[in-house]
Amino acid sequence: MNILDAIGNTSLVQLRRIVPPGTGNVFAKLEWENPTGSFKDRMALAVIAMAEADGRLKRGDSVLEYTGGSTGTSLALVCAAKGYPIRIVSSDAFSVEKLDHMRALGATVTIVPSEGGRTTKKLILEMIEVAREMSAEPRVFWTDQLHNRDSIAGYYPLGEEIWVQMEGKVDAFVHCVGTAASSRGVATVLKRRDPRVRIVAVEPSESAVLSGGKEGPHHIEGVGIGYVPPLWEPSLVDEIVSVGTEEANAMARRIAREEALFAGTSSGANIVAALRVSARLGPRARVVTLMGDSGLKYLSADLYRGRAV
């Protein structure tokens, strides 16, 4: 056993206090139980292991990625466990805890300045371009998460875990879209198990590009990149729900108080959307979503700072 064996097999709990009477049952997968406190550990292990298997990544190479923090932290964990140096391109738009966590795991971090700490299409493209320039150096494996299909397979086990834990009774799966790999990976498994499972994608209302809206700045870290991600597969998605930053923040604080679930803003958005879906599907429905990461990653951010939660 090593630390990488601790990735996956996370708990699933039912929400008890915030689900209104007469609506469906809502279940949350506690992905903060992964070693870095994020579901991104799953894709990080997959992309590194697959690159090793086919020779794209060799001993003596270094790993490179652009990231809002969670992917970089997860890659830094895997690289530390396997002995690869790693460089991360990130931004001050993302929490200090995430940046410090990457550095603590041995990553060298390059910061691209944001516009007022907000996630925008411009910022994402600038981060990608910095990484692209760095990838031209010798012995560098650029994981390039927005285009790396190996990351999709990293979430197949998550879909299988949900199916088993729910005893094959899943009416809908609800999750925010960043790279789209996690939603696509889980959807692939659940749809294969039962084509009737409803897949609901969640995006920031301030940047609702998947719904055909305009891109804009928002504060839901790790999702809503401002354009349709290359890994997005609309044929697997039955519905798109938009949730605003403030609504997501308020829900994250509420589930901490009322459900003892201490999570980040994207998890708050997931719950907002899951409650809407469960209300529409009715009292017998069984709706699953993710607590993508821990609230410990956001203690310096406005989400929790100075608030009684």
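In this predicted model, helix α6 packs against helix α7 through residues from both partners: Tyr156, Leu158, Gly159, Glu160, Ile162 and Trp163 on the α6 side meet Gly185, Val186, Thr188, Val189, Leu190 and Arg193 on the α7 side. Sorted by class, the residues in this contact comprise seven nonpolar, three polar and two charged ones. The helices themselves span residues 156–165 (α6) and 181–193 (α7), and their axes come within 7 Å of each other. The crossing angle is roughly 45°, and α6 and α7 are therefore oblique to each other. The sense of the crossing, as α6 passes α7, is right-handed.

Just before α7 in the chain comes a residue worth a pause. Ala180 belongs to the loop between β7 (172–176) and α7, and its phi is near 85°, a positive value in a residue that is not glycine. Such a value catches the eye because most residues other than glycine have a negative phi. Ala180 is also buried, as its relative accessible area is 4%, and the cut-off for that label is under 20%.

A second residue of this kind is found in another loop. Asp144, again not a glycine, has a positive phi of about 50°. This residue sits between β6 (140–142) and α5 (150–153). With a relative accessible area of 16%, Asp144 is classed as buried.

A further helix pair is formed by α2 (residues 70–82) and α3 (residues 96–104), whose axes come within 9 Å and cross at roughly 15°. Angles under 35 degrees count as roughly parallel, so α2 is roughly parallel to α3. Here the crossing is left-handed. On α2 the contact is made by Ser70, Gly72, Thr73 and Ala76, and on α3 by Lys98, His101 and Met102. In terms of class, two nonpolar, four polar and one charged residues take part in the contact of α2 with α3.

Attention can now move to single residues within helices, beginning with Asn270. This asparagine lies in helix α9, which covers residues 265–281. The relative accessible area of Asn270 is 1%, so the residue is buried. Its side chain reaches the backbone oxygen of Leu290 at 3.0 Å. Leaving aside residues up to four places away in sequence, Asn270 touches Val174, His175, Cys176, Val202, Thr289 and Leu290. Among these neighbours, Val174, His175 and Cys176 fall within β7 (172–176), the strand that precedes the loop of Ala180. Leu290 thus appears both as a contact of Asn270 and as the residue whose backbone oxygen its side chain reaches.

Ala248 offers a companion case in helix α8 (residues 245–259). At 0% relative accessibility, Ala248 too is counted as buried. Its contacts, again not counting residues up to four places away in sequence, are Ile220, Val243, Thr265, Gly268 and Ala269. Of these, Thr265, Gly268 and Ala269 lie within the span of α9 (residues 265–281), the helix that also holds Asn270. For a sense of scale along the chain, Ala248 and Thr110 are separated by 138 residues in sequence, and their C-alpha atoms are 29 Å apart in space.

Methods
Residues are numbered from 1 along each chain as its sequence is written. This is a predicted model: local features need pLDDT of at least 70, side-chain atom pairs count only at pLDDT 80 or more; totals for chains, interfaces and linings use all residues. Side-chain values use heavy atoms; hydrogens and water are left out. Axes are lines fitted to C-alpha atoms, for helices over the stretch in contact, and angles run from 0 to 180 degrees between N-to-C directions. Helices (H or I, at least four residues) and strands (E, at least two) are DSSP runs, numbered from the N terminus. Angles under 35 degrees count as roughly parallel, over 145 as roughly antiparallel, 65 to 115 as roughly perpendicular and the rest as oblique. A crossing is left-handed if the near helix is turned anticlockwise from the far one by less than a right angle, and right-handed if clockwise. Contact means heavy atoms within 4.5 Å. Ala, Val, Leu, Ile, Met, Phe, Trp, Tyr, Cys and Pro count as nonpolar, Asp, Glu, Lys and Arg as charged, and the others, Gly among them, as polar. Buried means under 20% relative accessible area, exposed over 50%, partly exposed in between (1.4 Å probe, protein chains only). A polar contact is a pair of N or O atoms within 3.5 Å; within protein, one must be able to donate a hydrogen and the other to accept it, and residues adjacent in sequence count only if both atoms are side-chain atoms.
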